[in-house]
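Student: I'd like to understand how the labels on a model like this are earned. Could we go through them one by one?

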Amino acid sequence: MVHGLVRVHILHMKDVVLLGGGVITEGADPVIAAFYRAALEPLQWSVAMRAFALLAGGEVACCFLKAETGAVPSRGYVTGLDQSAWEDGYRRYYHALDPGYAVLTQGPPGRMHLMQDYFSDHAVARSEYFQDFYLRAGVRYSCSGVVRDNGALTILSAHRAAGQGPYDRNTRGQLQRVLDHLPHVFRLRDTAQQAQAHGALAWEALDALPRAILLVDACLRLVFMNLAAQRLLAAAPQAHTLIALRGGGVQVRASLLQQQLAQRVRQACAGLA
């Protein structure tokens, strides 16, 4: 069953050795690395999800946030499943019928479950969820787990078609290793987002100052220039301006001042100023 979409981890496919059947043969390590990369680079989530699906021996994987039973999943990532099947099928209706969700919430979070252990062929044949949605989406077997993310539940799941066969215990163990890292991945994601937000606010504050400000590194390479500095340099005659930008660096036309500036910047970067 399509157990949720999450914001998850990433890897570059060059880090993964694939066999003819598309199965990752290096184990969970490159997939875990992909999720950590996704925590820092959100555009990498799709790569991480694809790697997770391949690790599971299939093509479909989902990760989503579902705060409580009956709630519509949000902030989801899906790979290998037609987007309309997710949006028009699972999110709008079938998520409320998903019997796997009850399995995931009966015990403590943090464990991957093989849904084949809970639902027999007879139960599948009698299930509206399986017959009208899951099987029609082209999948039959699911390995799913849930972790806490800021108080809500995030579900990570991999799915196989009927022809790919049920999961074995070794595969479940590899997928469990990935799930074990998800809480750390989410903490890294939150930390990175906070740092990015604070950094953006700092640049905005500098832009709002009326005084011209140039930020440089120890080699006088330009790092940031606020709006006042941009206006000042644009308005100054190029032949007479004291400060100039050359090849991405800041230069002072007077050689003595250039030497003093370079010395002061080096001292500041070394913590001596």
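Student: What makes Cys 143 count as buried?

Tutor: Buried means under 20% relative accessible area, exposed over 50%, and partly exposed in between, using a 1.4 Å probe and protein chains only. Cys 143 has a relative accessible area of 0%, so it is buried. Cys 62 is buried too, because its relative accessible area is 0%. Keep in mind that this is a predicted model: local features need pLDDT of at least 70, side-chain atom pairs count only at pLDDT 80 or more, and totals for chains, interfaces and linings use all residues. Residues are numbered from 1 along each chain as its sequence is written, and side-chain values use heavy atoms, with hydrogens and water left out.

Student: How do you know that Cys 62 is not bonded to Cys 63?

Tutor: A disulfide is a pair of cysteine sulfur atoms within 2.5 Å. The closest cysteine sulfur to that of Cys 62 belongs to Cys 63 and is 8.8 Å away, so the two are too far apart for a bond. The structure holds 0 disulfides.

Student: Why is the contact between Arg 177 and Asp 29 called a salt bridge?

Tutor: The term asks for a side-chain nitrogen of Lys or Arg within 4 Å of a carboxyl oxygen of Asp or Glu. Arg 177 and Asp 29 meet at 2.6 Å, N to O, so the pair fits the definition. This pair links distant parts of the chain, with Arg 177 in helix 7 (residues 169–208) and Asp 29 in helix 1 (residues 29–40), 148 residues apart. Helices here are DSSP runs of H or I with at least four residues, strands are runs of E with at least two, and both are numbered from the N terminus. In total, the structure holds 6 salt bridges.

Student: What makes Arg 169 exposed but Asp 117 partly exposed?

Tutor: Arg 169 has 53% relative accessibility, so it counts as exposed. Asp 117, at 43%, therefore counts as partly exposed. These two residues also form a salt bridge, their closest N and O atoms being 3.1 Å apart.

Student: And what does the salt bridge between Asp 121 and Arg 140 tie together?

Tutor: Their side chains meet at 2.8 Å, N to O. Asp 121 lies in helix 5 and Arg 140 in the loop between helix 6 (128–134) and strand 4 (141–149), so the pair ties together parts that are 19 residues apart in sequence. Asp 121 is exposed because its relative accessible area is 57%, while Arg 140, at 11%, is buried.

Student: Which residues touch the most other members of the largest nonpolar core?

Tutor: They are Phe 35, Phe 52, Leu 156, Tyr 167, Leu 175 and Val 178, in a core of 31 residues. Helix 2 gives the most to this core, with 7 residues. A nonpolar core is a set of buried Ala, Val, Leu, Ile, Met, Phe, Trp, Tyr and Cys residues joined through side-chain atoms within 4.5 Å.

Student: How do you know that strand 6 and strand 7 pair?

Tutor: Pairing requires that DSSP finds at least two bridges between the strands. Strand 6 (residues 214–216) and strand 7 (residues 222–225) have 3 bridges in the antiparallel sense, so they pass. Leu 215 stands opposite Phe 224 in strand 7. The two strands form a hairpin with 5 residues between them, and Leu 220 in the turn has a positive phi of about 65 degrees.
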